[in-house]
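Work through the exercises below with the sequence and the model at hand, and compare each step of your reasoning with the solution that follows it.

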Amino acid sequence: LLTLYGDKTLNDACTACIQLALSVPLSDIMSFTKLTVQYFIFLEVLCGCNMGSVVLLESKDFVTLVGTVQHGMANTLDMRISEMCAVIIDHIGTLVFKCKHRVRPDASPYVIAVQAHLTAMPTMLMDILRCLLDQLLLDDYAECKVMAQPILSLILANGEGALSEVSNHVISKRPAEIRPKMAEGFSKLMHGIHANLMPDNRAAFADNVEGFRAEVRTWTGGST
């Protein structure tokens, strides 16, 4: 409503809060559990309720913010933080996907900002997708239905060939004897899945992911 009337008060306040959060060294954020939890709660709420203020950040700040989420995902043993990071990444992947597939051809400020961010971080989203798949397969406590959401949004946001590229990376790190089975499993992940992020499509993908992880565990004797 504020945006509709040209009132930038909320966005300005959110931007100031983001700048303040990003001024804290990442090593400090990750070293103090209470601070870590509150930092990612803040980002989760912000991305869920006012993504506009995030996407309109300068590219260097947007890249820094996404980098902290990637670091949090890859370096925490706390499932609360891991799942919050997954939700944040899903919001970002969803935004990128929607901006790339706008029905109207005109470029809004959000589309222009997303294009600038992608130019500034050409491989980061693919790197995060690899991280998510590794965590899904390696972490016994990773929640399939939570992890599947950002995996799907990033596959669609990165475009055709994204899943093939990251799956080759994941498969190459597995024992040679199970690589053909993993390749076949990855090829089935998108069966019945359409290029949208509607709830039914997300649920179907989550089922595919859960089935794939169960298969991988049978091939590896319960350890991926």
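**Exercise 1: two helix axes**

The axes of helix H1 (residues 9-22) and helix H5 (residues 59-75) come within 11 Å and cross at roughly 60°, where axes are lines fitted to C-alpha atoms over the stretch in contact and angles run from 0 to 180 degrees between N-to-C directions. The model is predicted, so that local features need pLDDT of at least 70 and side-chain atom pairs count only at pLDDT 80 or more, while totals for chains, interfaces and linings use all residues. Residues are numbered from 1 along each chain as its sequence is written, and side-chain values use heavy atoms, with hydrogens and water left out.

Task: state how H1 and H5 are oriented to each other, and which residues make the contact.

Solution. H1 and H5 are therefore oblique to each other, given that angles under 35 degrees count as roughly parallel, over 145 as roughly antiparallel, 65 to 115 as roughly perpendicular and the rest as oblique. The contact (heavy atoms within 4.5 Å) is made by Ile18, Gln19 and Leu22 of H1 together with Asp61, Thr64 and Leu65 of H5. Sorted by class, the contact of H1 with H5 has three nonpolar, two polar and one charged residues.

**Exercise 2: a second pair**

Task: determine how H6 lies relative to H7, and which residues make the contact.

Solution. H6 and H7 pack at an angle of about 115°, with their axes 10 Å apart. That makes H6 roughly perpendicular to H7. On the H6 side the contact is made by Leu95, Val96, Cys99 and Lys100, and on the H7 side by Tyr110, Val111, Val114 and Leu118. By class, the contact of H6 with H7 has seven nonpolar, no polar and one charged residues.

**Exercise 3: enclosed space**

Task: find which residues line the largest cavity, and which elements give two or more residues to the lining.

Solution. A cavity is a set of points on a 1 Å grid over the protein atoms alone where a 1.4 Å probe fits but cannot get out, and lining residues have an atom within 4 Å of a point. The largest cavity has a volume of about 30 Å³, and Phe62, Ile92, Leu95, Val96, Val114, His117, Leu118 and Met121 line it. Helix H6 (79-100) and helix H7 (109-120) are the elements that give two or more residues to this lining. Its classes are seven nonpolar, one polar and no charged residues.

Key:
Helix = DSSP H or I, 4+ residues; strand = E, 2+ residues; numbered from the N terminus. Nonpolar A, V, L, I, M, F, W, Y, C, P; charged D, E, K, R; others polar. 1 Å grid on protein atoms, 1.4 Å probe; cavity = no way out; pocket = protein on both sides within 12 Å on 5 of 7 lines; lining within 4 Å. Points joined across faces, edges and corners; volume = space filled by probe spheres on them.
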